Amino acid sequence: MTAAETYNSVMHGIVRAIVEGMNGVYQEGPLKMKERVGEKAQNDYNGDFLKVVDIVRSSAVFHSFDDLSRAIVALNKPGVVQVVRSKDRVTTPLPSGYRDVLLNVTVEGCAMVMELQLHLKDVIAVKEEAHRIYDFMRTLGWEKDEIDDVEMTALSDLEKQSALRSRQSTMESCEMQVAEDDLSGVAGNVEMVQVNPVHAP
């Protein structure tokens, strides 16, 4: 825990800069409590607390798949930050249908491994709303598996909407580029036209 307290600010500062450079919103998490570290080490790693890699933790929220993808590429580039483990829960979502990317990274000069979760803003919004709906639906007598089906359907619909918005954005960018190219071509053609003087008879 002493090492975590020592390196906490430095690690967050370096990772934050990368995330925000890719249009992400960085959220620094609290240090995992000593009691929870002990429990996880005992239950999962036969008491070896050095294998607990989420004592220092944070999350990053992105508005688009493009920004999230660029952040992953940036974090994987050789440099001060090194990704030592990753879980792609976008391609392989959780049983509830929730999707994110979980990274464990090290920062040069810091003898710690930190956890970084990468989220999409729209998916988080559905998740937060689903938690509120879950409690309400349980009071009405719904079973957990029935509620899970509703959550998965909502997430699927949201992903389709996000994909559509992404395609529309790409198409708009392409149309703008074509328009710029057309204008450049027109300008070039205008420059090539030679105007011959007209002599009055």
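Start by selecting strands S4 and S5: six bridges join this antiparallel pair. The model on screen is a predicted one.

**The S4–S5 hairpin**

Zoom in on the pairing. Thr 106 in S4 stands opposite Val 113 in S5. Now follow the chain from one strand to the other. S4 and S5 make a hairpin, and five residues lie between them. Pick Gly 109 in that turn: its phi is positive, about 90°.

**Strand S4 and its other partner**

Keep S4 selected and add S3. These two strands are also antiparallel, joined by seven bridges. For a landmark, label Val 81, which stands opposite Val 107 in S4.

Next, show the side chains of S4. Which residues point one way from S4, and which the other way? Val 101, Leu 103, Val 105 and Val 107 point one way. Leu 102, Asn 104 and Thr 106 point the other way. All of them are buried. Seven of the seven residues of S4 are buried, so the strand is largely enclosed by the rest of the structure.

**Helix H3**

Move to residues 65-76, helix H3. It has 12 residues. From first C-alpha to last it reaches 17 Å, close to the 16 Å expected at 1.5 Å a residue.

Colour the buried residues of H3: Asp 67, Leu 68, Ala 71, Ala 74 and Leu 75. Then look down the helix axis. Why do these buried residues line one face of H3? Seen from there, they fall within an arc of 125°, so one face of the helix holds them. The general geometry helps here: an α-helix has 3.6 residues a turn, so residues three or four places apart point the same way.

What does that buried set pack against? Select helix H1 (2-21) and strand S2 (56-62). Add strands S3 (81-88), S4 (101-107) and S5 (113-120). The buried residues of H3 pack against each of these elements.

**From Phe 65 to His 119**

Stay on H3 and pick Phe 65, which is found in this helix. Is Phe 65 buried or partly exposed? Phe 65 is partly exposed, with a relative accessible area of 30%.

Now draw a C-alpha to C-alpha distance from Phe 65 to His 119. It should read 9.4 Å, although the two are 54 residues apart in sequence.

Centre on His 119, which lies in strand S5. His 119 has 7% relative accessibility and counts as buried. Show its side chain along with that of Gln 117: the two side chains make a polar contact at 3.3 Å.

**Asn 8 in helix H1**

Jump to Asn 8, in helix H1. Asn 8 counts as buried, at 12% relative accessibility. Which residues does Asn 8 contact, leaving aside its neighbours within four places in sequence? They are Glu 28, Leu 31 and Val 56.

**Zoom out**

Clear the selection and show the whole protein. There are five helices and five strands. Trace them from the N terminus: the order is α-β-α-β-α-β-β-β-α-α.

Of the 201 residues, 30% count as buried. Take contacts between residues at least 6 apart in sequence: 63% of them join residues at least 24 apart. Finally, switch on the surface. The protein exposes about 13200 Å², with carbon and sulfur atoms supplying 56% of it.

Terms used. Residues numbered from 1 in each chain as written. Predicted model: local features only at pLDDT ≥ 70, side-chain atom pairs only at ≥ 80, totals over all residues. Heavy atoms only, no water. Helix = DSSP H or I, 4+ residues; strand = E, 2+ residues; numbered from the N terminus. Expected span 1.5 Å × (residues − 1). Buried < 20%, exposed > 50% of the residue type's maximum accessible area, 1.4 Å probe, protein only. Arc of directions from axis to C-beta. Contact = heavy atoms within 4.5 Å. Areas by Shrake-Rupley, 256 points an atom, 1.4 Å probe, with all protein chains shown as cover. Pairing = 2+ DSSP bridges. Polar contact = N/O pair within 3.5 Å; in protein donor to acceptor, adjacent residues only side chain to side chain.
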